[in-house]
Amino acid sequence: MADQTRKIEMIRRIKNLKLSNTLILGLDDAGQAEAIAEAVNSLQNLSEQWN
């Protein structure tokens, strides 16, 4: 993930959602980073709807 600010925000979301650290490691892989970001955003939205 090229954008350091976006990466830091994504790490925060992953930790807040208590997801696997493997997702954090995947952010360094350009092929996986965008898919991880989309998945985490979707999970964040669902979490907000449930709470």
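Is I24 buried or exposed, and what is its relative accessible area? I24 is buried, at 16% relative accessible area. The cut-off for buried is under 20%. The views below come from a predicted model.

**Figure 1. The whole chain is built from three helices and zero strands.** From the N terminus on, the elements run α-α-α. The C-alpha trace spans about 30 × 15 × 15 Å along its principal axes. The chain has a radius of gyration of 10 Å, which agrees with the value near 10 Å for a compact globule of 51 residues. Of the 51 residues, 25% are buried. Take the contacts with a separation of 6 or more: residues 24 or more positions apart account for 46% of them.

**Figure 2. Close-up of I24 in helix α2.** This is the buried residue of the opening question, with 16% relative accessible area. Residues up to four places away in sequence are not counted here; beyond them, I24 touches I11, I14 and K15. A37 lies 13 residues from I24 along the chain. The C-alpha atoms of I24 and A37 are separated by 10.0 Å.

**Figure 3. Helix α1 packs on helix α3 at an angle of about 45°.** Two packed helices are described by the angle between their axes and the distance between the axes. Helix α1 covers residues 4-16, and helix α3 covers residues 30-50. Their axes are 10 Å apart. The angle of about 45° makes α1 oblique to α3. Angles under 35 degrees would count as roughly parallel, and 65 to 115 as roughly perpendicular. The crossing of α1 past α3 is left-handed.

**Figure 4. Residues in the contact of α1 with α3.** On the α1 side, the contact is made by R6, M10, R13 and I14. On the α3 side, E34, I36, A37, V40, N41 and Q44 take part. By class, the residues of this contact divide into five nonpolar, two polar and three charged. Two of the contact residues, M10 and Q44, are shown in the next views.

**Figure 5. Close-up of M10 in helix α1.** M10 has a relative accessible area of 3%, so it counts as buried. Which residues does M10 contact, leaving aside its neighbours within four places in sequence? They are L27, A37, V40 and N41. Among these, A37, V40 and N41 also belong to the α3 side of the helix contact. T22 is twelve residues from M10 along the chain. The C-alpha atoms of M10 and T22 are separated by 13 Å.

**Figure 6. Close-up of Q44 in helix α3.** Q44 has 18% relative accessibility and therefore counts as buried. Not counting residues up to four places away in sequence, Q44 touches R13 and L17. R13 is one of the α1 residues in the contact with α3.

**Figure 7. Close-up of K18 in the loop between α1 and α2.** The loop leads to α2, residues 21-26. Is K18 buried or exposed? K18 counts as exposed because its relative accessibility is 76%. The cut-off for exposed is over 50%. The backbone of this view is also worth a look. Phi of K18 is near 60°. That is a positive value in a residue other than glycine.

Technical notes
Residues are numbered from 1 along each chain as its sequence is written. This is a predicted model: local features need pLDDT of at least 70, side-chain atom pairs count only at pLDDT 80 or more; totals for chains, interfaces and linings use all residues. Side-chain values use heavy atoms; hydrogens and water are left out. Axes are lines fitted to C-alpha atoms, for helices over the stretch in contact, and angles run from 0 to 180 degrees between N-to-C directions. Helices (H or I, at least four residues) and strands (E, at least two) are DSSP runs, numbered from the N terminus. Angles under 35 degrees count as roughly parallel, over 145 as roughly antiparallel, 65 to 115 as roughly perpendicular and the rest as oblique. A crossing is left-handed if the near helix is turned anticlockwise from the far one by less than a right angle, and right-handed if clockwise. Contact means heavy atoms within 4.5 Å. Ala, Val, Leu, Ile, Met, Phe, Trp, Tyr, Cys and Pro count as nonpolar, Asp, Glu, Lys and Arg as charged, and the others, Gly among them, as polar. Buried means under 20% relative accessible area, exposed over 50%, partly exposed in between (1.4 Å probe, protein chains only). The radius of gyration is taken over C-alpha atoms; the globule rule is 2.2 Å times the number of residues to the power 0.38.
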